[in-house]
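Reader: I have a model open in front of me. Please show me how to read its contacts.

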Amino acid sequence: MGGLATALRLRHAGFAVTVLERQERLGGRSNVIEENGFRVDTGPTILVMKDTFAELYRAVGQDLDERLCFTRLDPNYRIYFHDGSHLDLFNNMAHLAAEVERIEPGASARLFEFIGASARKYRLGMPFVTRNFDHLTDLMNPLTLWHLFQTQSYLRLYSQVGRYFRSDKLRKAFSFHSMFLGLSPFAAPAIYSLITYADLVLGMWYPKGGIYSIVEDMAALAQEMGVELRTNAAVEEICIEGGQARGVRLVSGEQLRADLVISNADLPYTYQKLIPAPHRRQYTDARLARLDYACSGYLLYLGLDRVYEGMQHQALYFSEDYRGTLEAIFKTKTLPLEPSFHLNTPTVTDPSLAPPGHSLLYVLAPMPNLDGSPVDWETAAPLVREQLLTRLEQIVSPDLRQHIVWERQWTPLDFQTRLNAVHGTAFGSLAQGFFQSAYFRPHNKARDIKGLYFVGQGTYPGIGMPMVLISSRLVTERIVQEWR
Ligand SMILES: Cc1cc2nc3c(=O)[nH]c(=O)nc-3n(C[C@H](O)[C@H](O)[C@H](O)COP(=O)(O)OP(=O)(O)OC[C@H]3O[C@@H](n4cnc5c(N)ncnc54)[C@H](O)[C@@H]3O)c2cc1C
């Protein structure tokens with residue numbers, strides 16, 4: 001998505017652009033499976049900060065809402081708890097307050113204090129999300145340190161949420177968002193409640209046809225604008241001559257000359273595999289090994305020959321031992337005893353994704369990445385599948401298994417082999433702790449190789465579709481400024 005967005009912007013600015021994708025379909029992590037009449041998004045399904053998509057389209061002279069049809073979701077999520085209860089996270093504030101009161105009487109006033117504090121973090125944090133960094137002082141200066149201190153953004157997310165809510169259920173419900181950045185809420189800095197704000201207040205959207213319809217439209221637009229799109233075109237090496245990127249060599253042996261090269265592949269992979277070692281002074285293998293990698297995930301996609309009433313489009317299940325689950329994923333790198341998961345039922349909003357009378361379920365359980373993990377996915381995958389189906393029988397319906405007519409799964413090994421994701425990370429390669437964010441995240445311009453740039457989740461601002469679209473704007477601004 002970062003590569004496509006950059007291609008659109010640079011073409012609009014007058015550059016001749018070729019996009020090279022190793023897979024047979026464009027989209028990368030934002031991909032799709034179309035089989036047996038089912039069309040399921042394989043990666044992202046939660047679209048927040050819709051304005052970042054609208055900005056991309058505007059920047060290339062287009063109107064997002066004229067090309068695609070969006071529905072706003074409310075509630076954003078239904079959260080299921082281990083005891084069978086649930087909570088709906090509405091973005092209608094009156095409804096949300098009533099839900100919060102139902103779980104913890106008297107907590108609605110503190111809900112609004114929490115949202116106010118999160119809005120403040122959003123307002124103070126966004127200027128650091130939407131800019132390029134050249135100097136440490138772009139991030140660390142007396143004013144930002146004062147804001148950090150004032151908003152106590154340096155605290156851990158879960159413990160700061162705990163200052164507003166006593167109930168464990170509400171603490172989970174208002175802190176899980178850091179998982180989208182591949183970070184445990186017990187380790188993530190509290191600044192990330194800005195994502196909770198973006199999600200709850202700015203709203204969550206669904207494009208008709210699923211997230212992949214955005215990728216398809218971006219690809220169609222790229223073609224209309226004259227970008228050359230090549231799939232099944234794996235890059236083997238970025239060609240460097242005299243300290244300058246001069247093009248790429250494909251696995252097929254074909255060489256393409258270019259004035260500049262932008263890598264949207266995982267940034268650690270790009271350094272490790274596409275740049276010959278003598279040119280890698282900044283990111284050596286030793287330095288790449290020391291970086292903190294985000295988590296991975298196990299995904300189960302199910303096509304059902306019936307529709308279950310009463311489901312919400314987006315849902316989450318939190319296991320009883322939430323902390324234990326997160327420790328397994330991030331610390332011991334083992335299988336969680338009982339996985340928490342994201343349950344997406346897109347056919348609630350868009351029945352066209354399945355044959356008539358059928359429906360789709362998408363289950364995403366965060367899992368440890370492959371870095372030092374003892375998990376053998378050949379044996380683990382059937383066990384995790386079984387755990388998830390058993391829980392789905394309680395949440396969805398006891399007869400669920402009898403109605404599965406189509407099924408696919410992804411494990412961390414798929415992320416590694418299909419996407420070249422180092423250590424099989426799912427949402428993005430590098431975890432977004434403080435020292436891997438903003439100025440401290442790998443920059444979008446290689447320091448030691450002229451004409452080589454980066455876009456996507458591996459550089460700043462980071463993980464997730466809106467961030468990747470912002471990264472395409474930042475790298476384009478840099479390139480246009482340097483190359484005009
Ligand atoms: C299961 C899952 C759920 C997610 N949920 C959400 C969500 O709900 N909301 C959200 O906003 N984000 C979500 N994300 C995160 C989001 O999808 C990613 O952060 C974002 O799409 C990354 O985009 P990118 O542009 O950085 O590149 P990527 O999607 O990582 O694409 C990189 C591309 O480079 C290609 N490539 C690699 N090596 C080569 C090579 N040698 N030659 C040519 N091509 C190569 C790959 O095939 C791939 O197509 C999710 C991700 C996953 C996997």
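Author: Start with a term. A salt bridge is a side-chain nitrogen of Lys or Arg within 4 Å of a carboxyl oxygen of Asp or Glu. Across the interface of domain 1 and domain 2, the rule finds one. Arg478 and Asp134 have side chains that meet in a salt bridge, at 3.0 Å from N to O.

Reader: What should I know about the model itself?

Author: This is a predicted model: local features need pLDDT of at least 70, side-chain atom pairs count only at pLDDT 80 or more, and totals for chains, interfaces and linings use all residues. Residues are numbered from 1 along each chain as its sequence is written, and side-chain values use heavy atoms, with hydrogens and water left out.

Reader: How much area do domain 1 and domain 2 bury between them?

Author: Buried area is the accessible area (1.4 Å probe) that two parts lose on being put together, summed over both. Here that comes to about 1,600 Å², with 64% on carbon and sulfur atoms. On the domain 1 side, Gln432, Phe434 and Tyr439 lose the most area to domain 2, together 32% of what that side buries.

Reader: Which side chains make polar contacts with the ligand?

Author: A polar contact is a pair of N or O atoms within 3.5 Å; within protein, one must be able to donate a hydrogen and the other to accept it, and residues adjacent in sequence count only if both atoms are side-chain atoms. Among them, Ser30 sits 3.3 Å from a ligand oxygen. Asn264 lies 3.0 Å from a ligand oxygen. Tyr269 lies 2.8 Å from a ligand nitrogen.
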